[in-house]
Amino acid sequence: MSNVIVIGSQWGDEGKGKIVDWLSYNADAVVRFQGGHNAGHTLVVNGITYKLSLLPSGVVRGKKSFIGNGVVLDLRALYNEIKSLEEKNIKITEEVLSISQGAPLIMSYHQELDKARESKLSGIKIGTTGRGIGPAYEDHVGRRSLRVCDLFNKNKLKDKIGNALSHHNPIRKGLGIPELDVLSIVAEIDEYSQFIKPFVKNIWVELLELQNKNKNILFEGAQGTLLDINHGTYPFVTSSNTVSAQASIGTGLGLIKNSFNLGITKSYLTRVGEGPFPTEQSNNIGEQLGTLGNEFGTVTGRKRRCGWLDLVLLKQSVIISGLKGLALTKLDVLDSFDKIKVCTSYKYNNKSYNYLPLDLDEINQLSTEYIELDGWKEKTRNKRDFSELPLNAKKYISFIEEFIGVPVTLLSTSPEREDTILFHNPFEN
Ligand code: GDP
Ligand code: IMO
Ligand code: MG
């Protein structure tokens, strides 16, 4: 028995969906433990593309799937995702999917608040996905959330909605959004509560049973370590903890035994939305990476900012998420480059930094120090055998491993499921 915790080691969109789908072959269950439908996880199987936001990426293989208490759940988004999978002949039955009773709900007023704040010129624009993620987590910490378990207690539901609206209506009024009444929110909920009911379970009990039966559990992180609310580039972060420790908190499975924390890492770097990005290439290189890597957001379609791999930040992620190995993705995107740069330190006032300072003003004054490696100028795309990789591609991988001190355990050479090279199976940790 062993468990694998998959974590994005950068600013999201590292290719978690592809790797989770690939790994789920060896898993008995796949679990989401934070975030919501701000996530967009893509996997491609025999030319068919699946884009998942709430359902764990193991569902495409029909694996037992869990949505943990740490996830903020938009009922309509879940309904739509299940229906769109049905159109691709993936049926989500109550045997396949279990949803935590404790997951806080994302309501329409959260999404409206998220969008209204982002469209105001005053205050900080984060460049959120506009899905209501931040306001939903705020309500949870503020102890006024509606949770999945509240859907089925009609007597108490109206009081809970009233309590939430007593917070939201004054804010809406201030932002010039019409105030809401309790009954309109009851109607919003009623539309989906019967649909979701069969899936709602006590998931930590189910997970504990699986663990006690020595089953393999795969935990699927969303976003990335640098977007973590505590450890990311605050305030340009998401509103959840995205690091590996959240796998326990967001499921209720206190002790995750024999776990291998796997960091999904793009061979270069991208970011969507605002915030610092020391190795960003606002030039031809960035354009080339974006075009070759098809770097457009899975959820919002926004163009992703692109730059060179930042080993300083990667090393920081390895420490924060206790990563034991990396899955390096999108190596093929670098196939045509003459030279490939990697950032190995920052400099400010003649002082070298091997970490990213917390203060944004300091970050803005850092200069980046690079090492330039020779490109391979050969096709690695679709390669499935390490021995077929060009020497300079192998050198690039070794350089990363030596710098950050953990091995690359998986390599991905295209969006397709099987274009994956395994060095070490994380389930055999
Ligand atoms: P996630 O949010 O971490 O699951 O990543 P996304 O799905 O948002 O973005 C990753 C994108 O890269 C998707 O379009 C994937 O199909 C694609 N992808 C994943 N691995 C590879 C790879 O090795 N090579 C290429 N070219 N594309 C990949
Ligand atoms: P996956 O799981 C990339 C970014 C948004 C914004 C910030 C806050 O597909 O890797 P939010 O809507 O969460 O309040 O937005 O976080 N962001 C992501 N960027 N991949 C994601 O998820 C993201 N989820 C949120 O662009 O900068
Ligand atoms: Mg994504």
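At 1% relative accessibility, I82 counts as buried, and this residue of helix α2 (residues 75-86) makes a handy starting point for a tour. Everything here comes from a predicted model, so please read the distances and angles in that light. From I82 we move on to a magnesium ion, two ligands, a helix and a few backbone details.

**I82 and its surroundings**

- I82 is found in helix α2, which runs over residues 75-86.
- Leaving aside residues up to four places away in sequence, I82 touches L55, I92, L97, F195 and F199.
- Why does I82 count as buried? Its relative accessibility is 1%, and buried means under 20%.
- If you would like a ruler for the model, I82 and Q223 are 21 Å apart in space, C-alpha to C-alpha, and 141 residues apart in sequence.

**The magnesium site**

- Which residues coordinate the magnesium ion (ligand 3)? D13 does so through OD and G40 through O, at 2.0 to 2.2 Å.
- These two residues link distant parts of the chain, 27 residues apart: D13 sits in the loop between β1 (3-8) and α1 (16-23), while G40 sits in the loop between β2 (29-32) and β3 (41-45).
- D13 counts as partly exposed because its relative accessibility is 21%, and the buried class ends under 20%.
- G40, in contrast, is buried, with a relative accessible area of 12%.
- D13 also has a backbone feature to look at: a positive phi of about 60°, although D13 is not a glycine.

**Ligand 1**

- Ligand 1 has 19 residues around it, of which K16, G17, T42, D332 and S412 come nearest.
- A polar backbone atom of K16 is 2.7 Å from an oxygen atom of ligand 1.
- G17 places a backbone N or O atom 2.8 Å from an oxygen atom of ligand 1.
- G40, which helps coordinate the magnesium ion, also has a backbone N or O atom 2.8 Å from an oxygen atom of ligand 1.
- How much of ligand 1 does the protein cover? On its own the ligand has 580 Å² of accessible area, and the protein covers 93% of that.

**D332, beside ligand 1**

- D332 is among the residues that come nearest to ligand 1, and its place is in the loop between β13 (325-329) and β14.
- Is D332 buried or exposed? D332 is buried, with a relative accessible area of 10%.
- The side chains of D332 and R381 make a polar contact at 3.1 Å.
- Not counting residues up to four places away in sequence, D332 touches T380, R381, S412, T413 and S414. One of these, S412, is also listed among the residues nearest to ligand 1.

**Ligand 2**

- Around ligand 2 there are 20 residues, and D13, K16, H41, T129 and T238 come nearest.
- K16 has an N or O atom in its side chain 2.6 Å from an oxygen atom of ligand 2, whereas a polar backbone atom of K16 is 2.7 Å from an oxygen atom of ligand 1.
- V272 contributes a polar backbone atom 2.9 Å from an oxygen atom of ligand 2.
- For G127, a backbone N or O atom lies 3.4 Å from an oxygen atom of ligand 2.
- Taken alone, ligand 2 exposes 540 Å², and the protein buries 98% of that.

**Helix α3**

- Helix α3 (residues 108-119) has 12 residues, so at 1.5 Å a residue it should span 16 Å; its end C-alpha atoms are 17 Å apart, which agrees. The expected span uses one less than the number of residues.
- Which residues of α3 are buried? They are Y109, H110, L113, D114, A116 and E118.
- Those buried residues pack against α4 (133-141), α5 (154-175) and α6 (182-196).

**Backbone details to check**

- The peptide bond from Y234 to P235 is cis, with omega near 5°.
- P235 lies in the loop between β8 (217-220) and α8 (246-249).
- N350 has a positive phi of about 65° although it is not a glycine.
- The place of N350 is in the loop between β14 (339-348) and β15 (351-353).
- N350 is exposed, with a relative accessible area of 76%.

How values were computed:
Residues are numbered from 1 along each chain as its sequence is written. Chains are lettered from A and ligands numbered from 1 in the order in which they are written. This is a predicted model: local features need pLDDT of at least 70, side-chain atom pairs count only at pLDDT 80 or more; totals for chains, interfaces and linings use all residues. Side-chain values use heavy atoms; hydrogens and water are left out. Donors are N, O and S atoms within 2.8 Å of the metal (3.2 Å for Na, K and Ca); water is not among the atoms, so sites may look incomplete. Helices (H or I, at least four residues) and strands (E, at least two) are DSSP runs, numbered from the N terminus. Buried means under 20% relative accessible area, exposed over 50%, partly exposed in between (1.4 Å probe, protein chains only). Contact means heavy atoms within 4.5 Å. A residue is near a molecule or strand if one of its heavy atoms lies within 4 Å of it. A polar contact is a pair of N or O atoms within 3.5 Å; within protein, one must be able to donate a hydrogen and the other to accept it, and residues adjacent in sequence count only if both atoms are side-chain atoms. Accessible areas come from the Shrake-Rupley method with a 1.4 Å probe; for residues, only the protein chains shown count as cover.
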